[in-house]
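Look over the chain below. Then follow its strands and its charged pairs.

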Amino acid sequence: MLSAKRLPELGDLKGTVYDFEVAGDVLPKHNHTEDNVHVTIVARGRIKAYSHDWEMEATAGQILDFKAGEPHEIMALENETRIVNIVKKMNGHVGQEEV
């Protein structure tokens with residue numbers, strides 16, 4: 001089961017912590033606009049991020065930087081995996097994180 005918790009806003013940044021209870025839990029395919037591009041920090045465990053023409057694995061301590069307009073999905077490869085998504089300030093304001 002996937003759970004999400006929004007973090008308090010920190011000026012130009014906002015974020016969400018996603019906890020994947022078991023390997024195979026998925027953050028469903030989603031897309032970001034220029035206003036809500038984010039980086040993902042793998043805080044614990046291991047993930048696979050993928051789209052229609054690429055895939056990558058990342059482990060605790062690694063950071064993934066997603067491009068605007070790039071649909072992607074994230075799957076936990078280990079139990080108790082945690083990621084933190086940080087939305088970057090874009091075009092003078094913090095975008096709304098979707099998903």
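This report covers the overall build, then the salt bridges.

The model is predicted. The protein has 11 strands and zero helices. Its elements therefore read as β from the N terminus on, with no helix in the series. Of its 99 residues, 39% count as buried. About 5400 Å² of the protein is exposed, and carbon and sulfur atoms supply 52% of that area. Now take contacts between residues at least 6 apart in sequence: 68% of them join residues at least 24 apart.

Charged side chains come next. Side chains of opposite charge can pair when their charged atoms come close. How many salt bridges does the count come to? The count is four. The table lists three, including two made by Asp-19.

| Salt bridge | N to O distance |
|---|---|
| Asp-19 and Arg-44 | 3.5 Å |
| Asp-19 and Arg-82 | 2.6 Å |
| Glu-57 and Arg-46 | 2.9 Å |

Where do these partners sit? Asp-19 is in strand E2 (residues 14-20), and Arg-44 is in strand E4 (residues 38-44). These two are 25 residues apart. Arg-82 lies in strand E9 (residues 81-87), so its pair with Asp-19 ties together parts 63 residues apart in sequence. Glu-57 belongs to strand E6 (residues 55-59) and Arg-46 to strand E5 (residues 46-50), 11 residues apart. Shared partners join Asp-19, Arg-44 and Arg-82 into one network.

Are the arginines buried or exposed? Each falls in between: Arg-44 is partly exposed at 34% relative accessible area. Arg-82 is partly exposed at 29%. Arg-46 is partly exposed at 26%.

Conventions:
Residues numbered from 1 in each chain as written. Predicted model: local features only at pLDDT ≥ 70, side-chain atom pairs only at ≥ 80, totals over all residues. Heavy atoms only, no water. Helix = DSSP H or I, 4+ residues; strand = E, 2+ residues; numbered from the N terminus. Buried < 20%, exposed > 50% of the residue type's maximum accessible area, 1.4 Å probe, protein only. Contact = heavy atoms within 4.5 Å. Areas by Shrake-Rupley, 256 points an atom, 1.4 Å probe, with all protein chains shown as cover. Salt bridge = Lys/Arg side-chain N within 4 Å of Asp/Glu carboxyl O.
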